[in-house]
Amino acid sequence: MSKRDLLIEIGTEELPPKALNTLSQAFTQSIAEQLQSEALQSDAITAYASPRRLAVLISGLDEQAPDKAIEKWGPPVKVAFKDGQPTKAAEAFASGNGIALEDLNNYIANDGKQDKLCYRSTQAGSLSKALVAGITEQALASLPIPKRMRWGAKREQFVRPVHWIIMLFGDEVISDSVMGIEAGRDSRGHRFHSQGAISIQSPSSYVEQMESQGKVIVDSERRKAMIRRQVEAEGQRLGGQAVIDDDLLDEVTALVEWPVALAGNFEERFLKVPAEALVSSMKEHQKYFHVVDPDGKLMPHFITVSNIESSDPKKVIDGNERVIRPRLSDAAFFFETDCRSSLAERRERLKSIVFQEKLGSIFDKTERVATLAAAIANQLTYCADDARRAAELCKSDLVSEMVLEFDDMQGIAGYYYAVNDGENDNIAQAMQQQYLPRFAGDALPECEAGIAVALADRLDTISGIFGIGQQPSGSKDPFALRRASLAVMRIIIEKGLDLDLGELLGVALKQHAAADNSAEQQQTILNYMFERLRAWYEDQGISAEIFLAVGAKGVTRPTDFDQRVKAVQAFAQLEEANALAAANKRVSNILAKSELALGDAVDESLLQEEAEKGLFVAMQASSQQVGPLFAKRDYTEGLKTLAVLRTPVDRFFDEVMVNAEDEALKKNRLTLLSQLQALFLEVADISLLVPAKK
C-alpha cells in the first residue's frame with residue numbers, strides 16, 4: 001500500500017505559554033485517534049509546537065484505508081417469506097440494500113443458528129487526503145480550551161486568531177478549508193528574524209526549513225534542551241549554578257522560538273531581602289532563572305532567555321536589569337516595612353479576617369491551635385511553651401506586606417520575621433514548617449514546634465469543618481480536608497509519634513462552640529481520616545484486604561495502626577498465611593452461627609480427641625510466647641510465632657466435630673476456637689485476608 005508523509009500546521013497569534021504543551025499533546029492525540037478509527041496506519045506521529053504554531057508530522061501514512069467487508073443481517077427466512085413470497089420485512093431489507101425482490105433467494109446465509117437474509121459487500125477504504133481537513137477541524141474543536149475567541153468578522157473560534165494553515169501530503173497540498181482558511185504549503189518564521197512566507201517543500205523538510213529559513217525551533221523538546229544547556233552554561237560562567245525549575249523551564253520554552261540565554265545582574269544590597277522573595281519576583285514576574293553559589297546562597301545575578309539573537313545583547317541585558325530593579329525594590333521595601341512590626345503585634349489584625357463564618361476569625365483559630373499544639377507537645381514531651389507560642393504567631397505573616405504581594409511567601413516570611421523578632425529557632429522554624437507536607441511526597445516538618453503546629457492546625461480545620469456539617473462530598477473539598485487528613489497521618493506515622501488521634505480529635509472538637517462534638521461525630525472524623533490511608537498503603541503495594549483486616553480492630557493510634565499493617569503484610573507472605581486466614585474465616589462463621597454462651601476458659605477435662613488436645617497445648621505455648629511480643633507492639637514477630645498453629649489447626653478441623661451432640665463438649669470446643677480467634681485478633685482480623693467470593 002502506498003504511503004506518504006503528512007504535515008499539518010496551524011499558525012496562530014502567540015498561544016498561552018502554560019497551555020502550549022497540553023494543546024500540542026491533545027491536538028496530536030486527537031489526530032492519531034481519528035486516523036486509527038479510520039484504520040489508517042502510519043510509521044510515526046510527531047508533535048511540534050512553538051508560541052505561534054501547533055504542528056503534527058505523520059510519517060508513512062497510508063494513502064488509503066483498507067477496504068471494509070460489509071455484512072448486514074436481515075430477518076430469518078421464516079419471517080422473510082410466507083408461502084414462498086417476500087413479506088414486508090423482506091421488502092424493507094431488499095429496498096435498504098438495493099436488492100431486487102426476485103434475487104432475495106441469493107442472499108440467504110446461516111448465522112450459526114438459523115437461515116437469515118444476509119447482504120455482503122465490500123466498501124472501498126477512504127482516501128486519506130479526503131479525510132485530513134475534517135480530522136483537523138475535529139482535533140481543533142476538541143482541544144481543552146476553557147475560553148475561545150473570535151477575531152475580525154470571522155465566525156470561527158479558537159484560543160488565539162489563526163492566520164495560516166498547512167496541510168501537505170507528500171508534495172501535494174490538500175487545499176481544503178479549515179477554520180475558514182484555505183490550507184497551503186506556506187508557513188511563517190520568527191517574527192523578527194524572518195520575513196515573508198516559507199514554502200515547505202515536503203513534510204520531511206519542515207523541521208530543517210523552519211530552522212534554517214525561519215529561525216524557529218519547532219521541536220519543543222529540542223528547544224527545551226537548548227535552553228537548559230544555555231542557562232547552565234551562563235550559570236557556570238558567573239561562577240555559580242543556575243537553578244532550573246521544571247515548570248519555569250516549560251513556560252520559557254513555550255515563550256520563545258529562537259532561544260538565547262543572557263545573564264544580568266542586580267545590586268548586592270537586595271540580598272538582605274529573603275532570597276525566596278527575590279526568587280519569586282524573578283521567576284513569577286520576569287521568568288528569570290536565579291543563580292546560587294557553591295554553598296547554595298543566592299548570587300546577585302539572573303539569567304533570562306531572549307527570543308531574539310540581538311546584535312547588541314548588552315542592550316537586551318540592560319533592559320532586563322532596568323525591569324527587575326523596581327520589582328526587587330518593592331520586595332526590599334515590603335521586607336523593611338514588615339520588620340518594623342513584630343508578629344505578635346501583627347496578630348491583632350487577624351481578628352478582622354474570617355476563617356469560616358461559624359468557626360470565627362483567623363485569630364480565633366490561632367487560639368485553638370495554640371491550645372491543641374501545647375497538648376500535643378505535652379504528649380510528646382516537647383516544649384509546650386514553644387509549641388503554644390509558635391501556634392499563636394503562625395498566621396501573623398498573612399497580614400504582612402510581603403505575603404500580600406507574594407502569596408507563595410506565606411510561612412517563609414513568617415520565619416524571617418520571627419528571626420527578626422528574636423524568637424528562638426524552634427519557634428521560627430515552625431512558621432515555615434507548619435505547612436509541611438504541602439503535597440504528596442513532600443518533606444515533613446522537622447522541628448518540634450513545627451510538628452506540633454502542623455498537626456494542630458490541620459486537626460482544628462478538620463474537626464471544625466466536620467463539626468458544622470460541611471465535610472467533603474464527591475469531588476467538593478473546599479477546605480482540602482483529604483490532603484490535610486493524609487498529612488496528619490503521614491506526620492504521625494513517618495515520625496513514629498505515639499499519639500492517640502481519637503483523643504486529639506476530642507480536644508479539637510470541644511474547642512468549637514458551634515460544632516457537634518458528640519462521640520459519634522468524633523468517630524465519623526476518625527473513620528474518614530484513617531480511610532485516607534487505604535490508597536496510601538496501596539501505593540506501597542499493601543492490599544485493601546490487609547488495610548481492612550487491621551481497620552476492623554478500631555485502632556486510634558496511627559503509628560500502632562501502621563505497625564499492625566506492616567506486620568500483617570509480612571504475615572501474608574508466609575506459607576502458612578492462607579491456611580490460617582481461611583481457618584479464622586471458618587472460625588468466625590462457626591462462632592457467628594452459635595447461640596451458646598461461651599465460657600471464659602477451656603475445660604481440659606472435656607478435651608477428648610487428640611487433635612483438640614494438641615491444638616489446646618499449641619495455643620497455650622503460643623499465647624505465652626506472643627503475649628510479651630504484643631505488649632511491646634512487636635506484631636510482626638508475634639504473627640510469625642502464631643504461624644506454627646497451622647498444623648494443629650488443620651488437624652483439628654480434619655478430625656474434630658465442633659457441633660457435637662453433647663452440649664458441654666460442643667461449648668468447650670467453641671470456647672477453644674474463640675480463644676484461637678482471640679490470639680490473632682490481638683493484631684488484626686486476619687479472616688478478612690480471605691478474598692471475597694465473586
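**Notes on cysteines, pockets and strands**

1. C394 is buried, with a relative accessible area of 1%; buried means under 20%, exposed over 50% and partly exposed in between, taken with a 1.4 Å probe on protein chains only. A word on the basis of these notes: this is a predicted model, in which local features need pLDDT of at least 70 and side-chain atom pairs count only at pLDDT 80 or more, while totals for chains, interfaces and linings use all residues. Residues are numbered from 1 along each chain as its sequence is written, and side-chain values use heavy atoms, with hydrogens and water left out.

2. Staying with the cysteines, how many disulfides does a search of the whole structure find? The search finds 0, where a disulfide is a pair of cysteine sulfur atoms within 2.5 Å. C339 is in none, and the nearest cysteine sulfur to it, that of C394, is 19 Å away. For C394, the closest cysteine sulfur is in C447, at 12 Å, which is too far for a bond. In contrast to the buried C394, C339 is partly exposed, at a relative accessible area of 21%.

3. Now to the open spaces. The largest pocket has a volume of about 870 Å³. Here the work is done on a 1 Å grid over the protein atoms alone: a pocket is an open set of points with protein on both sides within 12 Å along at least five of seven lines, a cavity is a set of points where a 1.4 Å probe fits but cannot get out, and lining residues have an atom within 4 Å of a point. Grid points are joined across faces, edges and corners, and a volume is the space filled by probe spheres set on the points.

4. Which residues lie nearest the centre of the largest pocket? They are K395, Q410, Y435, D457 and R458, out of 25 that line it. At least two lining residues come from each of helix 11 (362-379), helix 15 (425-433), helix 16 (448-467) and helix 17 (481-494); helices (H or I, at least four residues) and strands (E, at least two) are DSSP runs numbered from the N terminus. By class, the lining holds 12 nonpolar, 5 polar and 8 charged residues, with Ala, Val, Leu, Ile, Met, Phe, Trp, Tyr, Cys and Pro counted as nonpolar, Asp, Glu, Lys and Arg as charged, and the others, Gly among them, as polar.

5. The second largest pocket has a volume of about 400 Å³. It is lined by 18 residues, and E276, V279, S280, K283 and H290 are the closest to its centre. Helix 8 (275-286) and strand 17 (289-292) each give at least two residues to this lining, and helix 8 has the largest share, with 6. The classes here are 10 nonpolar, 3 polar and 5 charged.

6. As for enclosed space, 3 cavities of 30 Å³ or more turn up in a search of the whole structure. The largest cavity contains about 50 Å³, and its lining is made up of L20, N21, S220, E221, R223, K224, D250, T253 and A254. Helix 1 (20-37), helix 6 (220-237) and helix 7 (246-253) each supply at least two of these residues, with helix 6 giving the most, 4. The lining divides into 2 nonpolar, 3 polar and 4 charged residues.

7. The sheet is worth tracing by eye. Its 5 strands run in the order 2-3-1-9-10, forming an open sheet with antiparallel pairing. Strand 2 and strand 10 (172-173) are the edges, each pairing on one side only; two strands pair if DSSP finds at least two bridges between them. At one end, strand 2 (residues 44-50) meets strand 3 (residues 53-62) over 7 bridges, in a hairpin with 2 residues between the strands. There I45 has I58 in strand 3 as its bridge partner. Strand 9 (residues 162-169) and strand 10 are joined by 2 bridges, and F169 has E172 as its partner.

8. Is R347 buried or exposed? R347 counts as buried, at 11% relative accessibility, although it lies in the loop between helix 10 (343-346) and strand 19 (354-356). Beyond its neighbours within four places in sequence, R347 touches F363, T366, E367, E392 and S396, contact meaning heavy atoms within 4.5 Å.

9. Finally, have a look at helix 20 (residues 544-551), where A544, I546, F547, A549 and V550 are buried. Those buried residues pack against helix 19 (519-539) and helix 21 (558-572).
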